[in-house]
Amino acid sequence: MPNEVNIRNKRASFDYEFLEEYNAGIVLTGTEIKSIRAGKASLVDSYCFFNRGELWVKGMHIAEYKLGTYYNHEEKRERKLLLTHKELIKLQRKVKESGLTIVPVKVFLNEKGYAKLRIALAKGKKEFDKRESLKLKDAKKDMERAMKR
């Protein structure tokens, strides 16, 4: 039951090359976790940034909970991410020094039922890298089709 939610940012793997991945907790309100459990979230155009030594995600859309009253949440508010102090320092240093970025990759529920966000330290792909990714994807599809025959 808890692992039914699997919301991905498909565009991120096309636009970025992932160097390192981390699982971060998300600070959510009650109606937000209910919407995530219903699968009503999107990571399109979302990104992570540092503010006063804390990591935040911006642009993550969580739809309003249909049974929520005036306690309902704002759909695209900034949400704080929870990582260890060592991980935060490491990420902050790498983002400042080498011009890398942090992108949200996937929202999922762990075995305890807590919402987690998989984030990746990423490097932007150039146009020719994107074309290469498309060629590999097409070749993989062709191989799978040939195996099915």
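**View A. A lysine sits over a ring: Lys106 and Phe108.** In this predicted model, Lys106 is found over the face of Phe108, 5.5 Å from the ring centre.

**View B. Tyr47 and Phe49 make an aromatic pair.** The count of aromatic pairs comes to 1. The ring centres of Tyr47 and Phe49 are 6.3 Å apart and the planes meet at 50°, so this pair is tilted. Tyr47 is partly exposed, with a relative accessible area of 39%.

**View C. Here is the open sheet of 7 strands.** Its strands run in the order 1-8-9-2-7-5-4, with antiparallel pairing. Strand 1 (6-8) and strand 4 (47-51) take the edges; each has a single partner strand, so one side of each has no neighbour in the sheet. From one strand to the next, the twist averages 40°.

**View D. Strand 5 meets strand 7 (residues 79-82).** The two pair in the antiparallel sense over 2 bridges, and Trp56 stands opposite Lys80 of strand 7. Helix 2 packs on the sheet too, touching strand 7, strand 8 and strand 9, with its direction at about 75° to that of strand 8. Helix 3 also packs on the sheet; among the strands it touches are strand 2 and strand 4, and its direction makes about 145° with that of strand 2.

**View E. Now for the largest nonpolar core, with 26 residues.** Ile36, Leu55, Leu81 and Ile119 touch the most other members. Elements giving two or more residues include helix 2 (30-37), helix 3 (85-98) and strand 9 (115-124); strand 9 gives the most, with 4 residues. Beyond its neighbours within four places in sequence, Leu81 contacts residues including Ala24, Cys48, Leu55, Trp56 and Ile119. A second, separate core of 5 residues includes Ala12, Val103, Val105 and Ala120.

Key. Residues numbered from 1 in each chain as written. Predicted model: local features only at pLDDT ≥ 70, side-chain atom pairs only at ≥ 80, totals over all residues. Heavy atoms only, no water. Core = buried A, V, L, I, M, F, W, Y, C linked by side-chain atoms within 4.5 Å. Buried < 20%, exposed > 50% of the residue type's maximum accessible area, 1.4 Å probe, protein only. Contact = heavy atoms within 4.5 Å. Phe/Tyr/Trp six-rings, centres within 6.5 Å; stacked < 30°, edge-to-face > 60°. Lys NZ or Arg CZ within 6 Å of the ring centre and 35° of its normal. Pairing = 2+ DSSP bridges. Axes fitted to C-alpha atoms, helices over the stretch in contact; angles between N-to-C directions.
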